[in-house]
Amino acid sequence: MSETINPDQQPESNQSGIGFATQANSGGSPQIQNLIDASLGRPTPSADTTNDAADQSSPVDVQLYPSIIYASYDFQNQNKYKIVWRGSPNFWSGRDGQTPVAICDHIMQGSLEASDGWFKNRRSDVSSHFGVGQDGRIWQWVKAEDTAWANGILQSPDTSLDWLAECVRRNINPNSRTISIEHEGYSGKAFPDAQYQATLWLHRYLCQNYNIQPDRHHIIGHYQITARDRAGCPGNTFPWDKLINDLGSAGAVVQPPVVTPPSNGTDWTQGVTGVVKMQFGPAAITSNNSFVRSRPSLTAGDGTLVRTLNKGTVLHFSGYTDVGPEFRGESRWYLITEADGGGWIHSLMIA
Ligand SMILES: [Zn+2]
């Protein structure tokens, strides 16, 4: 929706300190605002998960520009899924001497955002390695090398699975031998194709990278570990046959994922006023040599330049401020998500 005026004719370095800028429209859309409000994951009284209020951003005055759609995979190249790092405090470092031999599939009984709030809550004592949204987003909370807290309770486990029978026999926590994938939605409901394709891709990627056999002995449901309390996880609509069949199909090549790194601990919001925290994106950089700064700044020599990005670079964001230094009438700056490297970029650099 933004109009770019001869971006390549602009000087690539200038005294503004923001890199070259384009003319951009920035009208908010109330319709889309509703959409993103719904996806913010704020706790609601009816939610069956208990998000930690401290994890939630307080301001709700959220504007969304029409070109910024909430999704985390590359719509231009849908085969190349992006795994967005979210992080959770609920895990054990390492795998207690075990290696992952199976994938355990789950259903969230809710939204990706609600699960995110739950997994980030220290008091919930639960997490998952991955979660797949109904729109194909893939989020990650625990490194595959570490042990997520997803399916540790043995209740009438399916001991026809050799590796699980051994867990019972040798008192091995099944979490240490499994990679967990949660799925947005509800038990017994249909899996949208975008979600199916994303989880198929993720299963394929994990099978190839961790040498997991793509069969029903090694791709299992939570109900096979915790039979009584999780009988409906992931539910009777989970596409087991299709998944195993598609995983086994010849010629399936997995493109390497764009795995986003965990946060390096930089607090990009420190000293920045008016920060509204929210997740949105992707959006593309509109010109070459766009400056990313450690805080909103127009000054060329103040040491805030973190890196430069070229036209077409796709970014996701975790917030913005409307009281940054003004450039060409615009004072909005976007906070680039940690997963995309962090830092601040002026709004005129973004389509
Ligand atoms: Zn489950």
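What pLDDT does the protein chain average, and what share of the residues score at least 70?

**Figure 1. Overview of the protein chain in the predicted model.** The average pLDDT of the protein chain is 75, and 72% of the residues score at least 70. The chain holds five helices and 15 strands. Of its 351 residues, 43% count as buried. Among contacts between residues at least 6 apart in sequence, 74% join residues at least 24 apart.

**Figure 2. Confidence in helix α1 and strand β3.** Confidence is lowest in helix α1 (residues 30–39), where the mean is 28. The highest value, 98, belongs to strand β3 (residues 102–105). Over residues 1–78 the pLDDT is below 50, although this stretch has 142 contacts in the model beyond near neighbours in sequence. Where pLDDT is low, the predicted coordinates should not be read in detail.

**Figure 3. The two covered faces of strand β14 (residues 333–336).** On one side of the strand lie W333 and L335, and on the other lie Y334 and I336. All four of these residues are buried, and both faces of β14 are thus covered. In a regular strand the side chains alternate between the two faces of the sheet.

**Figure 4. Pairing of β14 with strand β13 (residues 314–321).** Strands β13 and β14 run antiparallel and are joined by four bridges. One position in this pairing is G319, whose bridge partner in β14 is L335. L335 is also among the buried residues of β14.

**Figure 5. Pairing of β14 with strand β15 (residues 344–346).** Three bridges link β14 and β15 in the antiparallel sense. Here Y334 stands opposite I345 of β15. Y334 is itself buried, on the side of β14 that it shares with I336.

Terms used. Residues numbered from 1 in each chain as written. Predicted model: local features only at pLDDT ≥ 70, side-chain atom pairs only at ≥ 80, totals over all residues. Buried ≥ 20, exposed ≤ 12 C-beta atoms within 10 Å, placed from the backbone. Contact = placed C-beta atoms within 7 Å. pLDDT = per-residue confidence, 0-100. Pairing = 2+ DSSP bridges.
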